[in-house]
Amino acid sequence: MKEQNLNKLSSKDRAILAILQKEGRLSNVELAKRVNLSPSPCLERVRRLEQQGFISRYKAVLNPEKLDLAMIAYIEVTLSKTSRAAFSEFVADVSKIDEIVECHMVAGGFDFLLKVRVKDMSHYRHLLSEVLVDLPHLGQTHTYVVIEQNKETTDLPI
């Protein structure tokens, strides 16, 4: 998205985005009240923000503990082969593994950083030794298990 788009946002648009990213199920009437607009213009602004790509989707945030997926681990991955095809194949395969909730190509001493959500260490060990080990071009991994999560947000500064 072009930087100029961000600069064109009005204070009302920014307020709408700030509120919706925290409360995506908020009714249009309530949203309009909070940003001091009538419902019709508020809905028009929301639709425009959606069309322009500022709002990419709405979703429910699930509680991982209730779903027995409280353990978080980060895995540094170094591929044995570093080519465009190897990167693409790795990303395609990682995208099929449900426990991998994030995959980032990074610059530095390794190629990818994976965030995984699993039930416990046994579940993690299975994921590593029976799923990840079979991924193409997997060279080396280093894992960091999260002891305590102190902050998690999907909110962006507006």
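Start with the whole chain in view: its radius of gyration is 20 Å, where a compact globule of 158 residues would be near 15 Å (taken over C-alpha atoms, with the globule rule being 2.2 Å times the number of residues to the power 0.38). What you have open is a predicted model, in which local features need pLDDT of at least 70 and side-chain atom pairs count only at pLDDT 80 or more, while totals for chains, interfaces and linings use all residues. Residues are numbered from 1 along each chain as its sequence is written, and side-chain values use heavy atoms, with hydrogens and water left out.

**The overall view**

Show the C-alpha trace and turn it along its principal axes: the spans are about 55 × 35 × 25 Å. Switch to cartoon and you'll find six helices and four strands, in the order α-α-α-α-β-α-β-β-α-β. Both kinds of element are DSSP runs numbered from the N terminus (helices are H or I, at least four residues; strands are E, at least two).

Now put a surface on. The chain exposes about 11000 Å², and carbon and sulfur atoms supply 50% of that (Shrake-Rupley method, 1.4 Å probe; for residues, only the protein chains shown count as cover). Buried residues are 25% of the 158; buried means under 20% relative accessible area, exposed over 50%, and partly exposed in between (1.4 Å probe, protein chains only).

Contacts are heavy atoms within 4.5 Å. Of those with a separation of 6 or more, 65% join residues 24 or more positions apart.

**Stop one: D111**

Select D111, in the loop between β2 (100-105) and β3 (112-118). D111 is buried but has no salt bridge, and K81, the nearest side chain of opposite charge, is 13 Å away. Show what D111 touches beyond four places in sequence: V77, T78, L79, T82, F87, H104, M105 and V106.

**Stop two: the salt bridges**

Colour by charge next. There are 22 positive and 21 negative side chains, and the centres of the two sets are 9 Å apart. Lys and Arg count as positive, Asp and Glu as negative, with His and the chain ends not counted; each charge is placed at NZ of Lys, CZ of Arg, CG of Asp or CD of Glu.

The whole structure holds ten salt bridges, meaning a side-chain nitrogen of Lys or Arg within 4 Å of a carboxyl oxygen of Asp or Glu. Pick K22 and D155, whose closest N and O atoms are 2.6 Å apart. This pair links distant parts of the chain, 133 residues apart: K22 is in helix α2 (residues 11-22), and D155 is in the segment after β4 (138-145). K22 is exposed at 60% relative accessible area, while D155 is partly exposed at 24%.

Move on to K119 and D68, with 3.5 Å between their closest N and O atoms. Here 51 residues separate the partners: K119 is in the loop between β3 and α6 (121-131), D68 in the loop between α4 (39-51) and β1 (71-79). K119 is partly exposed, at 47%, and D68 is also partly exposed, at 41%.

**Last stop: R117 and its network**

Finish on R117 and E152, a salt bridge at 3.8 Å, N to O. R117 is in strand β3 and E152 in the segment after β4, 35 residues apart. Is R117 buried or exposed? R117 counts as buried, with 11% relative accessibility. Add E102 and K115 to the selection, and you have the network of salt bridges that links them with R117 and E152.
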